[in-house]
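Student: I've got the structure open and I'd like to go through some of its side-chain contacts with you. Can we take them one by one, with the reasoning spelled out?

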Amino acid sequence: MAKKKKKLGIEVSFVDSESAEGVTGSCIYIKTPKNEILLDVGLHQTNSNYKDFLVNRRTTKEFKPKNLTYIFISHNHIDHIGRLPLMYKRGCNAQVIVSENSMPILQLMELDCAKINERDAEQFSTQYKKSYDPLYGTEDVYRMLDHVKEFPVNQKFFLDDEIAFELIPNAHLLSSVQIKLYITVNNVTKTLLYTGDIGSDKIHNPFVGKFDKVKSSNVVIAECTYGDRMKQKKTTKERKNDLSKLRTIIDKQVKEMNGKVIIPTFAQSRSQTIAYFIWQMYKDESWQPKLYIDSPLAIEIFRWYNKLLPDEEREEFNQLMDWENLNFLETPEESKAVMKSSEPCVVLATSGFCMVGRSRTWLKRYVGDINSTVLFVGYASEDSLAGILKNPKTKNVNIDGKNYPCRCSIYNLKSFSGHTDYDGLMNYYTSINTEKIILHHGSKEAKETFAKNLKEELEKHNKTTKVVCSNKSLKFSL
């Protein structure tokens, strides 16, 4: 009779992860005999700020923040870091591990989020006649920052006799990484790879670094954002077509029709990338569009890029910063002045999902304007305001309790998403030597579609890898 394998006491749980059943709120909990670990700890974000607030403030079921020993962060998007200060508000003292050059933007993102939390709590208290405390405040952000330590990529580090790790670049945004854990119990080492959000290895996105593929791991927790979008390709041809469309839209709307092009975009990475491409298009032309960056956070990140980018990219980025047609709208008054003016221009306003930030105010004014264009440049969840506007069936949209007719032109340039496409996911996951792949950070449909096709593709490669779709009841042992 074969001996039953003795369990090592390494448990992985998705119970407290909203990304187990969606694309925001990333958080994976790992318990070992000596440690309690989180991989990311993000905010849940939909088209209902109040419902999101209630979800994000819930007490976690699987772990107590005060018992955590390490928190690993894959990248500085709020759906991956947005609840990090909340852990420290609730007694956490864990070391936070991030990649090199992540700290400055991590601080900017968290302080900005704290301000939004404070504003939201005040609004909800008035609206629902009940006293709500903010999710966390600036003091909690600074308490958390005292525990953050940066580590270089592509090097193995030992934290104690049980936990070692590597941070591997994944080209999603500046300093974003995959996280490979080495967990040693009873002289047996198990590896777990968390991909984070994966960028493309087929087309060039400036300022996001390279994508290094990992060859093997016992278990892979794998993002699946575009798992059901087989027809949506991210190739050099698609990028070339999108850049051509971008120029055509700006030429027609701004140059010929003297109107405005509103581009809702993320403050980090996407704003800088789109501004870079617009500058590249027009820098040597006789006519150049006026370009406004309407986001205090994005503006701060523009200035930090000058310090954080590698030398080969910094010189060209500085030329963009010196472009006379690039303008920063620092204050609400400056934003309102351009918004009310008849000046033809391009405006990059945060956020990309249009859930918060100045993009919502721009939409209120211009979504019903027939002589304006709203241009989306990446992924947005279907239930976010951006996702609703992308739907061609949408005729009216509700913004902050008021209905607005959709009369503006609406376009979506898909190749600018920071996520790799279906083919990129398939090629990567079939190349990894692993016992099990857990699909997460995707809709139920995306995960189920991709799981079925991934299993078939793995069989073609003569691999017996187990494929599992995450959900909020999923727990397993290594």
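Student: What makes the pair of Glu 162 and Asn 35 a polar contact?
Tutor: Keep in mind that this is a predicted model. The side chains of Glu 162 and Asn 35 come to 2.8 Å, and the cut-off for such a pair of N or O atoms is 3.5 Å, so the pair qualifies. Glu 162 has a polar contact with the side chain of Thr 32 too, at 2.3 Å.

Student: Where does Glu 162 lie?
Tutor: In the loop between β7 (156-158) and β8 (163-169). Apart from neighbours within four places in sequence, Glu 162 touches Thr 32, Pro 33, Lys 34 and Asn 35, and also Tyr 182, Ile 183, Thr 184 and Val 185.

Student: How do you know that Glu 162 has no salt bridge?
Tutor: Look at the nearest side chain of opposite charge, which is Lys 34, 5.7 Å away. A salt bridge needs the nitrogen within 4 Å of the carboxyl oxygen, so a distance of 5.7 Å doesn't make it. Glu 162 is buried all the same.

Student: Which pairs do make it as salt bridges, say with Lys 475?
Tutor: Lys 475 pairs with Glu 62, at 3.2 Å from N to O. That is within 4 Å, so the pair is called a salt bridge. Lys 475 belongs to strand β22 (residues 475-477) while Glu 62 is in the loop between α1 (49-56) and β4, so the pair ties together parts that are 413 residues apart in sequence. A search of the whole structure turns up 22 salt bridges.

Student: Why is Lys 475 called exposed?
Tutor: Its relative accessibility is 51%, and exposed means over 50%, so Lys 475 gets the label. Glu 62 comes to 24% and is partly exposed.

Student: What makes Lys 213 and Asp 201 a salt bridge?
Tutor: Their closest N and O atoms are 3.6 Å apart, and the limit is 4 Å, so they count. Lys 213 and Asp 201 both sit in the loop between β10 (188-194) and β11 (219-223), so this pair ties together parts that are twelve residues apart in sequence. Lys 213 is partly exposed at 41%, and Asp 201 is partly exposed at 41%.

Student: How many residues apart are Lys 444 and Glu 448 in helix α14?
Tutor: Four, or about one turn of the helix, which covers residues 444-460. They form a salt bridge, with the closest N and O atoms 2.7 Å apart. Lys 444 is exposed at 53%, whereas Glu 448 is partly exposed at 42%. Elsewhere, Glu 18, Arg 58 and Lys 472 are joined into one network by salt bridges that share partners.

Student: Let's turn to rings. How many aromatic pairs are there?
Tutor: The count is 26. One of them is Phe 72 with Phe 165: the ring centres are 5.3 Å apart and the planes meet at 70°, so the pair is edge-to-face. The cut-off for that name is over 60 degrees. Phe 72 is in strand β4 (residues 70-72) and Phe 165 in strand β8, so the pair ties together parts that are 93 residues apart in sequence. Phe 72 and Phe 165 are both buried.

Student: Which residues form the aromatic cluster?
Tutor: Phe 207, Tyr 276, Phe 277, Trp 279, Phe 302, Tyr 305, Phe 317, Phe 328 and Phe 416.

Student: What lies over the face of Tyr 182?
Tutor: Lys 156, at 3.9 Å from the ring centre. Lys 307 does the same kind of thing over Trp 304, at 5.0 Å from the ring centre.

Student: Is His 441 buried or exposed?
Tutor: Buried: 2% relative accessibility is under 20%, so that settles it. His 441 is in the loop between β20 (436-440) and α14, and it has a positive phi of about 50° without being a glycine.

Student: And Asn 187, buried or exposed?
Tutor: Exposed, at 80%; the bar is over 50%, so Asn 187 passes. Asn 187 lies in the loop between β9 (177-185) and β10. Its phi is near 65°, a positive value in a residue other than glycine.

Terms used: Residues are numbered from 1 along each chain as its sequence is written. Side-chain values use heavy atoms; hydrogens and water are left out. Helices (H or I, at least four residues) and strands (E, at least two) are DSSP runs, numbered from the N terminus. Buried means under 20% relative accessible area, exposed over 50%, partly exposed in between (1.4 Å probe, protein chains only). Lys and Arg count as positive and Asp and Glu as negative; His and the chain ends are not counted. A polar contact is a pair of N or O atoms within 3.5 Å; within protein, one must be able to donate a hydrogen and the other to accept it, and residues adjacent in sequence count only if both atoms are side-chain atoms. Contact means heavy atoms within 4.5 Å. Rings of Phe, Tyr and Trp (its six-membered ring) pair if their centres lie within 6.5 Å; planes under 30 degrees apart count as stacked, over 60 as edge-to-face and the rest as tilted. A charge sits over a ring if NZ of Lys or CZ of Arg is within 6 Å of the ring centre and within 35 degrees of the ring normal.
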